[in-house]
Amino acid sequence: MNLKRVVVTGLGALTPLGNTVPEYWKGLANGVSGAAPITRFDASQFKTQFACEVKGLDIEQFIDRKEARKMDPFTQYAVIAAEEAMNDSGLDLDKIDLSKAGVIWGSGIGGLKTFQDEVASFATGDGTPRFNPFFIPKMIADISAGFISMKYGLQGPNFVTVSACASGTNALIDAYNYIRLGKANVFVSGGSEAAVTEAGVGGFNALKALSQRNDSPETASRPFDNDRDGFVLGEGAGAIILEEYEHAKARGAKIYAEIIGSGMSADAHHITAPHPEGVGAGNVMKFALEDAGIKPEEVDYINVHGTSTPLGDVSEIKAIQRIFGDHAYDLNISSTKSMTGHLLGAAGAIEAIASIMAINHNLVPPTINHFTKDEAFDEKLNLTFNKAQEREVNVALSNTFGFGGHNASVIFKKLTE
């Protein structure tokens, strides 16, 4: 069968670098760190006392107070990012088939704060089960997609993907496939996460996954640096409007880029650690290239998973060098997590936006906080250290990998008729 083309017609972002796409991109382009001491709770007794939080957000500017009380922060973030993307897309909902417009969202954890607070309240009580009637609908991960669909009356496919830190990318891939198979015309897709809570930070600390550089939060996320000591927890949301090309063209939509390929794979190795040789990471990029029908030499930029962990950064670069061969030296490679921290299930969404903006501005955002060379990385690779670099970006690939060995990659391209 003839697969339909899929394009990006709207973007929305709520991130530690800014609460809109322009603010987010400005932060990325200027190499700004979003890390700072935690304000969500008293973290003084935690091993890690900082995170990349969303800043200066007045929820009631976007969501009615009564309605907001029915939402966990991860859903609030989803609704706010989706609103920016929908407005940006210029979609006239009165002129499209709402049964062919849907929402596929991603979240790795869902309503963690809601779960934490409700269970803690019960545990410190007298045993009487006094739970908020919205406890369950606030907590479940799928409610984010539900709220977005209800707000806009979108009656097409509606669900949430959960694949840890690959969730946002898996959501984009599902939306992409539904459209190119002709099962829908429009999707609001992306991901959101709000895990900067006592349970989130404490849980990741117990795994020894987080950086503990409390004396210098802004330099703590340092992918590919010899002294990296773990990732920095982030929060926020990214929303992307995916649309069938002819549908977008017929309404005169602004088109940011075309999504041309995707890949998914499993490490089948360990619950948290990546395969040391990056087997799954290599496979997922190989599958994405095959799906796109392009050669490795056609890729200009890779936005890597690059979490700033000792094992993960090495395995991903090994995979890139294996799949791209000598062309790896001609690529720009960067980890925007050095600035945003790791948004878990929302990471793939905001990093897809970073890739799309790189295409639109011909500018590769940097990997900041590189201070000390790690001999594990070939110095001939261009890891875009510390400063954004101008270059023609026609094709960008974005990687996201999750606990459990889940790997997902998407490829974006400048639109050609």
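## A predicted ketosynthase-annotated chain, in questions

Trainee: Which residues does the UniProt feature "domain: Ketosynthase family 3 (KS3)" cover?
Mentor: This is a predicted model, and the annotation comes from an unreviewed UniProt entry. The span is 33% helix and 18% strand, with its end C-alpha atoms 19 Å apart. UniProt places the feature at residues 3-414.

Trainee: How far apart are the C-alpha centres of domain 1 and domain 2?
Mentor: The domain assignment gives domain 1 as 7-251 and domain 2 as 264-413. The C-alpha centres of these two domains are separated by 21 Å.

Trainee: And how many residues does each domain bring to the contact?
Mentor: Here we are looking at the contact between domain 1 (7-251) and domain 2 (264-413). The contact takes 65 residues from domain 1 and, from domain 2, 61 residues.

Trainee: Which residue does UniProt list for "active site"?
Mentor: Look in the loop between β5 (158-161) and α7 (167-180), where Cys165 has its place. The listing comes from an unreviewed entry, and the residue named there is Cys165.

Trainee: Is Cys165 buried or exposed?
Mentor: Leaving aside neighbours within four places in sequence, Cys165 is in contact with several residues, including His305, His342, Phe401 and Gly402. Its relative accessibility is 9%, so Cys165 counts as buried.

Trainee: Where is Thr309, and which residues does Thr309 touch beyond those up to four places away in sequence?
Mentor: Thr309 is found in the loop between β9 (301-303) and α11 (310-324). With a relative accessibility of 18%, Thr309 counts as buried. Not counting residues up to four places away in sequence, the residues touched by Thr309 are Ala209, Arg228, Gly230 and Phe231.

Trainee: Arg228 turns up there. With which residue does Arg228 form a salt bridge, 2.8 Å between the closest N and O atoms?
Mentor: Arg228 forms this salt bridge with Asp374, at 2.8 Å between the closest N and O atoms. The pair links distant parts of the chain, 146 residues apart: Arg228 is in the loop between α8 (198-206) and β7 (236-244), and Asp374 is in the loop between β11 (363-364) and β12 (389-390). Arg228 is buried, and the partner, also buried, is Asp374.

Trainee: How many salt bridges are there in the count?
Mentor: Side chains of opposite charge can pair when their charged atoms come close. The cut-off for a salt bridge is a side-chain nitrogen of Lys or Arg within 4 Å of a carboxyl oxygen of Asp or Glu. By this rule the count is 22.

Trainee: Why does Lys95 count as exposed?
Mentor: The side chain of Lys95 meets that of Asp92 in a salt bridge at 3.9 Å, N to O. Asp92 is partly exposed, with a relative accessible area of 33%. Lys95 counts as exposed because its relative accessibility is 71%.

Trainee: How many residues apart are Glu392 and Lys414?
Mentor: Their side chains meet in a salt bridge at 2.8 Å, N to O. Glu392 is in the loop between β12 and β13 (395-402), and Lys414 is in the segment after β14 (406-413). Glu392 is partly exposed at 45% relative accessibility, and Lys414 is partly exposed at 21%. The pair links distant parts of the chain, and the separation is 22 residues.

Trainee: Which residues form a nonpolar patch on the surface?
Mentor: Start with Met1, in the segment before β1 (6-14). Met1 is exposed, with a relative accessible area of 76%. The patch has about 340 Å² of accessible area together, and its residues are Met1, Leu3 and Leu181.

Note on methods: Residues numbered from 1 in each chain as written. Predicted model: local features only at pLDDT ≥ 70, side-chain atom pairs only at ≥ 80, totals over all residues. Heavy atoms only, no water. Patch = residues over 30% accessible without salt bridge, like charges linked within 9 Å, V, L, I, M, F, W, Y side chains within 5 Å. Areas by Shrake-Rupley, 256 points an atom, 1.4 Å probe, with all protein chains shown as cover. Helix = DSSP H or I, 4+ residues; strand = E, 2+ residues; numbered from the N terminus. Buried < 20%, exposed > 50% of the residue type's maximum accessible area, 1.4 Å probe, protein only. UniProt positions renumbered as here; feature names shortened; annotations may be inferred. Contact = heavy atoms within 4.5 Å. Domains from an automatic or database assignment.
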